[in-house]
Amino acid sequence: MSVKAKKHLGQHFLTDESIAKDIADALTENGYEDVLEIGPGMGVLTKYLLPKKAKVTVMELDRESVAYLHDTFPLEHIKLDTSKEHFEIIEGDFLKHNIQDIFNKKQVAIIGNFPYNISTQIVFKAIENREFVPEFAGMFQKEVAKRIAEKEGSKVYGILSVLTQAFFDVEYLFTVPPTVFNPPPKVDSGVIRLIRKKDYSLPVDEKLFFRVVKTAFNQRRKMLRSSLKSFNLSDTLKEEPIFAKRPEQLSVSDFISLTQKLAENDI
């Protein structure tokens, strides 16, 4: 039995074993006993996760892939530990599941060859659940991977960069060409690793921080005194040097300072 990639699910099956192994090896295995793989397909990445110490749970929306993982995968990889204690298959949409409930609020690393069309939503869900996600590694469209990892001063640095880097240390690991997929996508892919910061709490109101970052980048070409107009800035505040900058010039710590300034001015 084999599985046909489905366009509506954004499936591009990785066919290069060495790349699959490199993605699996991106996990440090520090600080958790569970790994959640999103969108395993036919298990090319899964088989390199199973020899590791952590229990592997895979979540797959495609019923054909789920059937393959249940019936064919264990037979093809008889030497791997696919017992219920070490390997679990969940049929469903990751974006609609509660990570805390599935893993009983235990620490879990997230990994996968993520469908391009929902990859940023997967990152935002990991950020929301950061208390339980110490590590996150996987493959994205290269443009998205670069955006997540990019530092201030870059044209691709934006909302996704700031909100991810506020809580995780991000490392761009390597680029993957379209030729190693079936069917091949039209763009390169990029593999990144996120490791949660030791102190992943913010010294400011998180909702205000998120709002400041999103509002600033919604008009990224404008100076902050213009893009943050909706915050009803006082004339005095507008004259401070930071408000003469554009959002891509601000580091994560600058955005934290900016949020503190707004909070101090009762905004």
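## A tour of the domain interface and the salt bridges

Begin where the two domains meet: 14 residues of domain 1 are in contact with 15 residues of domain 2. The model on display is a predicted one. To colour the two parts separately, select residues 7-196 for domain 1 and 206-264 for domain 2, as the domain assignment gives them. Their C-alpha centres lie 33 Å apart.

**The interface**

With both domains shown as surfaces, turn to the area between them. About 1,100 Å² is buried between domain 1 and domain 2, and carbon and sulfur atoms give 72% of that area. Now select Tyr157, Ile159 and Leu163 in domain 1: these residues lose the most area to domain 2, and together they account for 41% of what the domain 1 side buries.

Next, look for the polar component of the interface. Between domain 1 and domain 2 there are 5 residue pairs in polar contact, counting pairs with both residues at pLDDT 80 or more. Select helix H8, residues 159-165, which gives the most to the side of domain 1 that touches domain 2, with 4 residues. Taken by class, that side of domain 1 has 7 nonpolar, 4 polar and 3 charged residues.

The interface of domain 1 and domain 2 also holds 1 salt bridge. Display Glu206 and Arg130 as sticks: these two residues form a salt bridge in which the closest N and O atoms are 2.5 Å apart.

**Salt bridges across the structure**

Widen the view to the whole structure, which holds 11 salt bridges. Three further pairs are visited here in turn.

Select Lys52 and Glu29, whose side chains meet in a salt bridge with an N to O distance of 3.9 Å. Lys52 lies in the loop between helix H2 (46-49) and strand S3 (55-60), while Glu29 lies in the loop between helix H1 (17-24) and strand S2 (34-38), so the pair ties together parts that are 23 residues apart in sequence. Switch on a surface to compare their surroundings: Lys52 is buried, at a relative accessible area of 14%, and Glu29 counts as partly exposed at 25% relative accessibility.

Move on to Lys106 and Asp34, which form a salt bridge with the closest N and O atoms 3.3 Å apart. This pair links distant parts of the chain, as Lys106 sits in the loop between helix H5 (99-102) and strand S5 (108-113), Asp34 sits in strand S2, and 72 residues separate them. Lys106 is partly exposed, with 43% relative accessibility, whereas Asp34 has a relative accessible area of 5% and is buried.

The third pair is Lys55 and Glu88, whose side chains meet in a salt bridge at 3.0 Å, N to O. Here the connection runs between strands: Lys55 belongs to strand S3 and Glu88 to strand S4 (residues 87-91), so the pair ties together parts that are 33 residues apart in sequence. Both residues can be inspected on the surface, since Lys55 counts as partly exposed at 23% relative accessibility and Glu88 is partly exposed with a relative accessible area of 34%.

Finally, select Lys21, Asp25, Glu29 and Lys52 together: salt bridges that share partners join these four residues into one network. Two of its members, Lys52 and Glu29, are the pair seen earlier at 3.9 Å.

Methods: Residues numbered from 1 in each chain as written. Predicted model: local features only at pLDDT ≥ 70, side-chain atom pairs only at ≥ 80, totals over all residues. Heavy atoms only, no water. Helix = DSSP H or I, 4+ residues; strand = E, 2+ residues; numbered from the N terminus. Buried < 20%, exposed > 50% of the residue type's maximum accessible area, 1.4 Å probe, protein only. Domains from an automatic or database assignment. Contact = heavy atoms within 4.5 Å. Buried area = accessible area lost by both parts, 1.4 Å probe. Polar contact = N/O pair within 3.5 Å; in protein donor to acceptor, adjacent residues only side chain to side chain. Nonpolar A, V, L, I, M, F, W, Y, C, P; charged D, E, K, R; others polar.
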